Amino acid sequence: MLNTYTQEWVIKAKVTKKYAMRTWNNAKGTGTLLNMDLVDRSQTQIQCTFFNDAAIKFNETVEDGKVYTMAGG
């Protein structure tokens, strides 16, 4: 189980859905985010979110249907 306090983790999962990158603008500033749905080998569904530079980087490289190993974050 992952949460905001878990720091050492590795996930190997298939990207089942990569959503369109979005931007936001509020009182705290402007940013970009990218959401993806993942599924691991035990069929556990996971949603991940990338922000700002990471969102831009992974939007260009990650493809639906492919398997990736992700760590940290």
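The following questions and answers walk through a predicted model, from its strands and core to a few individual residues.

Visitor: Which strands pair with β3, and over how many bridges does β4 join it?
Guide: β1 and β3 pair in the antiparallel sense over five bridges, and strand β2, residues 22–26, is likewise joined to β3 by five bridges in an antiparallel arrangement. β4 also runs antiparallel to β3. The strands that pair with β3 therefore include β1, β2 and β4, and the number of bridges between β3 and β4 is seven.

Visitor: Which residues of β3 stand opposite Lys14, Asn25 and Gln47?
Guide: Along the pairing with β1, lysine 14 faces valine 39 of β3, while on the β2 side asparagine 25 is set opposite threonine 30. Glutamine 47 in β4 has aspartate 37 as its opposite residue. The β3 partners are thus Val39, Thr30 and Asp37.

Visitor: How many residues lie between the strands in the hairpin of β2 and β3, and how many in that of β3 and β4?
Guide: The hairpin that joins β2 to β3 passes through two residues. β3 then enters another hairpin with β4, in whose turn glutamine 43 is found. The counts are two for β2 and β3, and for β3 and β4, four.

Visitor: Is β3 mostly covered or mostly open, and how many of its residues are buried?
Guide: Strand β3, which spans residues 29–40, is mostly covered. Residues count as buried when their relative accessible area is under 20%, and of the 12 residues in β3 the number that are buried is nine.

Visitor: Which strands each supply at least two residues of the largest nonpolar core?
Guide: This core holds 11 residues, among them Ile11, Ala13, Leu34, Met36, Cys48 and Phe50. Its other members include Ala55, Val62 and Met70. The strands that each contribute at least two residues are β1 (10–18), β3 (29–40) and β4 (45–51).

Visitor: What does Phe50 touch, leaving aside residues up to four places away in sequence?
Guide: Phenylalanine 50 is itself a member of the largest nonpolar core, as are Leu34, Met36, Ala55 and Met70, which phenylalanine 50 touches. With Thr32, Leu33 and Phe58 added, the list of contacts reads Thr32, Leu33, Leu34, Met36, Ala55, Phe58 and Met70.

Visitor: Where is the nearest side chain of opposite charge to Asp40, and which backbone nitrogen does the Asp40 side chain reach?
Guide: Aspartate 40 lies in strand β3 and touches Lys12 and Ala13, not counting residues up to four places away in sequence. Aspartate 40 is buried but has no salt bridge, the nearest side chain of opposite charge being arginine 41 at 7.2 Å, whereas a salt bridge calls for a nitrogen to oxygen distance within 4 Å. The side chain of aspartate 40 does reach a backbone nitrogen at 2.9 Å, that of threonine 44.

Visitor: Is Val10 buried or exposed, and how far is it from Cys48, C-alpha to C-alpha?
Guide: Valine 10 lies in strand β1 and touches Thr69, Met70 and Ala71, not counting residues up to four places away in sequence. Because its relative accessibility is 61%, valine 10 counts as exposed. Cysteine 48 is 38 residues away from valine 10 in sequence, and the C-alpha to C-alpha distance is 13 Å.

Visitor: What are the phi values of Gln43 and Asn52, neither of which is a glycine?
Guide: Glutamine 43 lies in the loop between β3 and β4 and counts as exposed because its relative accessibility is 59%. Asparagine 52 lies in helix α1, residues 52–61, and is partly exposed, with a relative accessible area of 34%. Both have a positive phi, which is about 70° for glutamine 43 and, for asparagine 52, near 50°.

Visitor: How many salt bridges are counted, and which side chains meet in a salt bridge at 3.5 Å?
Guide: Side chains of opposite charge can pair when their charged atoms come close. The count comes to one salt bridge. Lysine 66 is partly exposed at a relative accessible area of 42%, and glutamate 63 is partly exposed at 42% relative accessibility. The side chains that meet, with an N to O distance of 3.5 Å, are those of lysine 66 and glutamate 63.

Key
Residues numbered from 1 in each chain as written. Predicted model: local features only at pLDDT ≥ 70, side-chain atom pairs only at ≥ 80, totals over all residues. Heavy atoms only, no water. Core = buried A, V, L, I, M, F, W, Y, C linked by side-chain atoms within 4.5 Å. Buried < 20%, exposed > 50% of the residue type's maximum accessible area, 1.4 Å probe, protein only. Contact = heavy atoms within 4.5 Å. Lys, Arg positive; Asp, Glu negative; His and termini not counted. Polar contact = N/O pair within 3.5 Å; in protein donor to acceptor, adjacent residues only side chain to side chain.
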